[in-house]
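Let's take a friendly walk through this structure together. Have the sequence and the model open beside you, and follow along as we go.

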Amino acid sequence: MDYPTTRRDDLIETLHGRPIADPYRWLEDPDSAETVDWVSRQNEVTEAFLSGLPGRDWFRGAMGRILERPRAGTPAKRGGHYLVGRNDGAQNQDVIFVADSLPELLEGGRVIMDPNLLAADGTTAVTGYTVSPDGGTIGFSISEGGSDWRTFLLRDLATGEDLADDVQQAKFSVPEWLPDNRSYLYVHFPGGGRADGTETAAQGGGQLKLHRVGAPQDQDQLILEFPDNDQLMFWVEASHDHRWMIMHLVQGTENRNRLWAYPITDTDGVSGLGEPIKLIDRPDAMFAFVRVDGDEILLHTDLDAPRGRVVRCPITAPEPDALPAFTEVVPERDTTLSTVVAAGDGLLVEVLQDAQPVVLRFGLDGAELGPLDLAGGALNALNGEAGEREAFAGLSTVVSPNRAYAIDAETGGTEALDGLVINTGETWTPPEFTVARHRAVSADGTEVPYFLITPGAEPAADGPRPTLLYGYGGFKIPIFASYRAIWPAWLAAGGALAIANLRGGGEFGTDWYDAGRLDAKQNVFDDFIAVGEDLIKTGRTSSDRLALHGGSNGGLLVGAVLTQRPDLAAAALPAVGVLDLLRFHKFTVGAAWVSDFGNPDDADDFATALAYSPLHNVRPGTSYPATLVITGDHDDRVVPLHSHKFTATLQQAQAGDAPILTRIETNAGHGMGKPTAKIAEESADLLAFAAHFTGLNP
């Protein structure tokens with residue numbers, strides 16, 4: 001192809017005694033005129049190619065009909081109110097409804113937030129909300145243009161009027177209310193939050209601040225910061241009895257944390273915080289707050305239990321450098337304890353049986369009370385609160401986004417809430433599909449499970465089929481046979497879908513996660529390759545009918561596999577990927593990811609990362625598969641420079657005839673809050689590209 005000209009510099013720097021060329025470093029500046037021009041020229045070439053694909057119109061039509069389906073999320077009961085997000089199918093962002101009872105919510109309720117009114121282009125999104133304990137005020141976390149930066153908008157729940165309050169420069173938090181109903185805690189990052197969302201500077205440390213509603217933000221009380229450790233992150237959660245504010249402290253994206261308990265004080269009706277009880281001050285394991293029970297706290301942990309368990313301990317400081325004396329409530333089992341939620345006077349526990357969820361009910365004494373009757377492929381949400389008998393769950397399949405259920409936490413009864421979806425005249429009938437479970441054998445002999453989803457009511461037996469292979473494999477995040485808007489379109493076109501459960505994920509506990517990070521990261525790529533090879537060996541697909549896809553850490557996965565095994569697949573679709581493993585830690589929140597990728601400033605970690613960094617393992621003169629690199633120009637989590645530099649390097653190195661293209665969405669970030677219209681267009685282009693190079697004719 002005739003690619004746009006990309007200036008190539010002679011920049012070489014020596015890192016740990018190794019000369020490292022970085023000829024496209026100038027693309028790291030997203031706002032320079034040269035980068036903006038490069039983005040425009042790349043998009044022109046990509047659009048010219050995509051517009052000629054025979055399946056593009058079909059996939060655009062399919063994605064439009066899929067996303068035009070009316071849908072609803074999973075309700076939550078907060079401050080005595082019932083809330084849910086809905087979309088009539090024509091809206092870029094979900095609209096949040098509120099009601100005073102569940103029957104009223106099922107009848108419609110009333111709109112408390114329509115983010116589609118906040119920006120004409122539909123790129124302003126609500127990324128979370130919390131309700132004050134008295135139910136009087138709701139606090140929304142607002143993102144513009146896909147950025148991770150947040151502002152808070154407060155609204156009176158009775159009148160729908162906005163409160164005169166302005167808090168900005170927040171990240172990774174929502175307002176966490178104190179019991180006086182006029183104060184909340186949040187995490188502030190000073191000196192950041194550019195409105196255009198294209199900054200790349202490394203993020204400094206956060207500050208826990210206490211805000212009084214109506215007061216100027218510059219008067220907020222600083223509760224905690226760690227100026228000597230800018231990677232120590234924290235978040236807080238109030239106990240249901242309003243006595244404690246529980247803080248989790250974690251180094252970057254580690255899955256081990258400390259846990260402090262701040263007593264909540266009251267001075268003439270104004271809430272504050274006392275000195276913290278440092279309940280767990282050694283990050284030996286994962287400790288997640290579940291609830292308090294009198295003067296004890298219940299925690300979900302993997303301490304001495306890689307598959308997870310629930311323990312309790314007194315809310316008192318242990319001896320220095322010691323852990324509390326834990327009493328086991330829910331012991332470790334063969335399945336993985338993935339989620340633990342307090343509901344009523346008990347617990348709802350999601351366990352993963354071979355990466356497939358089952359929700360069990362337990363008493364606070366650990367007595368197992370049986371499973372819930374929930375039908376669906378993957379758990380989207382499990383919403384409950386201590387002391388509240390009503391709880392809610394949401395489940396999806398690969399073709400259906402969400403089906404919500406009401407749960408009676410006392411009896412375990414469940415009821416499908418299909419009435420939550422309004423205007424139910426659907427314009428799309430989901431295709432029938434079949435899910436099968438298979439296992440591949442990785443390079444070191446480890447069995448790697450994967451879901452194989454084929455169109456039709458019976459397993460496919462018609463030889464190699466165009467197949468989309470998806471994976472993630474990182475940060476202890478489990479991957480399920482769950483809904484993504486592109487899956488039903490691919491299945492309806494006649495393609496098969498494989499979803500891999502790779503090491504580095506959370507499907508099989510902490511040991512499975514540890515086996516796919518740091519110096520074991522190569523296992524993740526070996527696992528993905530093994531699944532691809534198994535699909536080919538068994539005749540389910542062939543290398544010329546296989547496409548690889550993943551986003552973020554999954555974008556790294558696809559980038560690493562296409563450079564290590566360019567012969568494996570016909571097409572590769574890395575989205576918003578971490579592709580420069582030697583410089584990721586220098587931009588925005590990248591340094592937090594050393595938990596999985598190691599620290600490139602350390603010689604050993606550098607050598608490990610260099611061996612698989614996609615950018616640094618592109619080899620000139622190699623025939624690479626057709627590749628569509630996807631990113632957003634406002635992605636301030638995995639900044640677009642990763643995708644830009646990788647694209648330029650692949651284009652320069654490509655020896656085969658397959659195109660190397662990039663699709664750069666403007667005014668879009670890492671994915672959170674992306675408008676429906678952008679999702680439809682991007683998804684259709686991704687699928688049309690994959691279909692073209694795998695021989696799928698929709």
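Let's begin at the second largest pocket, where helix 10 supplies four residues, the largest share of the lining. Bear in mind that the model you are looking at is predicted. The pocket encloses about 290 Å³ of space. Its lining is made up of 16 residues, and those closest to the centre are Ala21, Pro23, Leu615, His616 and Thr649. Two elements give two or more residues each to this lining: strand 2, spanning 18-21, and helix 10, spanning 641-653. What is the chemical character of the lining residues: how many are nonpolar, polar or charged? Nine are nonpolar, three are polar and four are charged.

From the pocket, turn to the nonpolar interior. The largest nonpolar core counts 100 residues, and Phe59 and Leu468 have the most contacts inside it. Helix 11 gives this core eight residues, the largest share. A second core of 18 residues is separate, and Val187, Phe189, Leu210 and Ile264 are among its members.

Leu468 deserves a stop of its own. Leaving aside residues up to four places away in sequence, Leu468 touches a long list of partners, including Ile486, Trp487, Trp490, Leu573, Leu687 and Ala690. Others on that list are Ala496, Leu497, Ala498, Ala547 and His549.

Now move to helix 11 itself, which covers residues 676-694 and contains Ala680. Is Ala680 buried or exposed? Ala680 counts as buried because its relative accessibility is 16%, and the cut-off for buried is under 20%. Which residues does Ala680 touch, once those up to four places away in sequence are set aside? The contacts are with Met63 and Leu67. Ile66 offers a nice view of how the fold brings distant parts of the sequence together: Ala680 and Ile66 are 614 residues apart in sequence, while their C-alpha atoms are 8.7 Å apart in space.

Next come the charged side chains. Side chains of opposite charge can pair when their charged atoms come close. The structure has 46 salt bridges. In one of them, Asp22 pairs with Arg25, with 2.8 Å between the closest N and O atoms. Asp22 is buried, because its relative accessible area is 5%.

Arg56 and Glu47 form another salt bridge, with the closest N and O atoms 2.7 Å apart. The two partners sit in contrasting surroundings: Arg56 counts as buried at 6% relative accessibility, whereas Glu47 counts as partly exposed at 37%. A third example joins Arg282 and Asp284, whose side chains meet at 2.3 Å, N to O. Here Arg282 is partly exposed at 29% relative accessibility, and Asp284 is also partly exposed, with a relative accessible area of 35%. Salt bridges can also link up through shared partners, and in this way Glu47, Arg56, Arg60, Arg663, Glu665, Lys678, Glu682 and Asp685 are joined into one network.

Our last stop is Asp321. Where does Asp321 lie? Its place is in the loop between strand 23 (309-314) and strand 24 (327-330). Asp321 counts as exposed because its relative accessibility is 69%, and exposed means over 50%. Finally, look across from Asp321 to Glu388: the two are 67 residues apart along the chain, and 36 Å separates their C-alpha atoms.

Technical notes:
Residues are numbered from 1 along each chain as its sequence is written. This is a predicted model: local features need pLDDT of at least 70, side-chain atom pairs count only at pLDDT 80 or more; totals for chains, interfaces and linings use all residues. Side-chain values use heavy atoms; hydrogens and water are left out. Buried means under 20% relative accessible area, exposed over 50%, partly exposed in between (1.4 Å probe, protein chains only). Contact means heavy atoms within 4.5 Å. A nonpolar core is a set of buried Ala, Val, Leu, Ile, Met, Phe, Trp, Tyr and Cys residues joined through side-chain atoms within 4.5 Å. On a 1 Å grid over the protein atoms alone, a cavity is a set of points where a 1.4 Å probe fits but cannot get out, and a pocket is an open set with protein on both sides within 12 Å along at least five of seven lines; lining residues have an atom within 4 Å of a point. Grid points are joined across faces, edges and corners, and a volume is the space filled by probe spheres set on the points. Ala, Val, Leu, Ile, Met, Phe, Trp, Tyr, Cys and Pro count as nonpolar, Asp, Glu, Lys and Arg as charged, and the others, Gly among them, as polar. A salt bridge is a side-chain nitrogen of Lys or Arg within 4 Å of a carboxyl oxygen of Asp or Glu.
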